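Visitor: I'd enjoy a close look at one part of this model, please. Could you pick a spot, walk me through it slowly, and then show me how the rest of the chain is laid out?

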Amino acid sequence: MDHELRQQLEARLGHLHARKRLGIEQETRPRVFGNGINFFHPENWYSIHSLIRNSLRLVGLYGRGGS
């Protein structure tokens, strides 16, 4: 993190709370891939909907679905 931003955060929250907050943010950052347990997460793949739709169109099943 930029040193100036860290100083502003510490001035606003205090050193201890700023450090805790940055630690929490680091731990809860969204990840595309897990920690080795679940390697692939399709819910984090933003183009999965278009891939499924285009695959169904390719095999001719897209038109058979309901609205």
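Guide: Happy to! Let's begin at Ile52, which has its place in helix α3, the helix that covers residues 48–59. Please keep in mind that this is a predicted model. Is Ile52 buried, exposed or partly exposed? Its relative accessibility is 45%, so Ile52 counts as partly exposed; the partly exposed class lies between the 20% limit for buried and the 50% limit for exposed.

Ile52 also has company at the surface. Together with Leu56, Leu58, Val59, Leu61 and Tyr62, Ile52 forms a nonpolar patch. The accessible area of these residues together is about 600 Å². A residue needs over 30% relative accessible area to be part of a patch, and Ile52, at 45%, fits that requirement.

Now let's step back to the whole chain. The protein chain has 3 helices and 0 strands, and from the N terminus on its elements run α-α-α. Of its 67 residues, 7% are buried. The accessible surface of the chain comes to about 6300 Å², and carbon and sulfur atoms account for 57% of that surface.

How do the other two helices meet? Two packed helices are described by the angle between their axes and by the distance between the axes. Helix α1 spans residues 3–13, and its axis comes within 7 Å of the axis of α2, with a crossing angle of roughly 120°. Angles from 65 to 115 degrees would count as roughly perpendicular, and those over 145 as roughly antiparallel, so α1 and α2 are oblique to each other. The crossing in which α1 passes α2 is right-handed.

Helix α2 is also home to Arg21. From Arg21 to Leu9 there are 12 residues in sequence, while their C-alpha atoms are 9.6 Å apart in space.

Arg21 has a charged partner too: it forms a salt bridge with Glu25, and the closest N and O atoms of the pair are 3.0 Å apart. The structure holds 1 salt bridge. Why is this pairing within reach along the helix? Because Glu25 and Arg21 are 4 residues apart in helix α2 (residues 15–27), about one helical turn separates them. Both ends of the bridge are partly exposed: Glu25 has a relative accessibility of 38%, and Arg21 has a relative accessible area of 35%.

Key: Residues numbered from 1 in each chain as written. Predicted model: local features only at pLDDT ≥ 70, side-chain atom pairs only at ≥ 80, totals over all residues. Heavy atoms only, no water. Salt bridge = Lys/Arg side-chain N within 4 Å of Asp/Glu carboxyl O. Helix = DSSP H or I, 4+ residues; strand = E, 2+ residues; numbered from the N terminus. Buried < 20%, exposed > 50% of the residue type's maximum accessible area, 1.4 Å probe, protein only. Patch = residues over 30% accessible without salt bridge, like charges linked within 9 Å, V, L, I, M, F, W, Y side chains within 5 Å. Areas by Shrake-Rupley, 256 points an atom, 1.4 Å probe, with all protein chains shown as cover. Axes fitted to C-alpha atoms, helices over the stretch in contact; angles between N-to-C directions. Parallel < 35°, antiparallel > 145°, perpendicular 65-115°, else oblique. Left-handed = near helix turned anticlockwise from the far one by under 90°.
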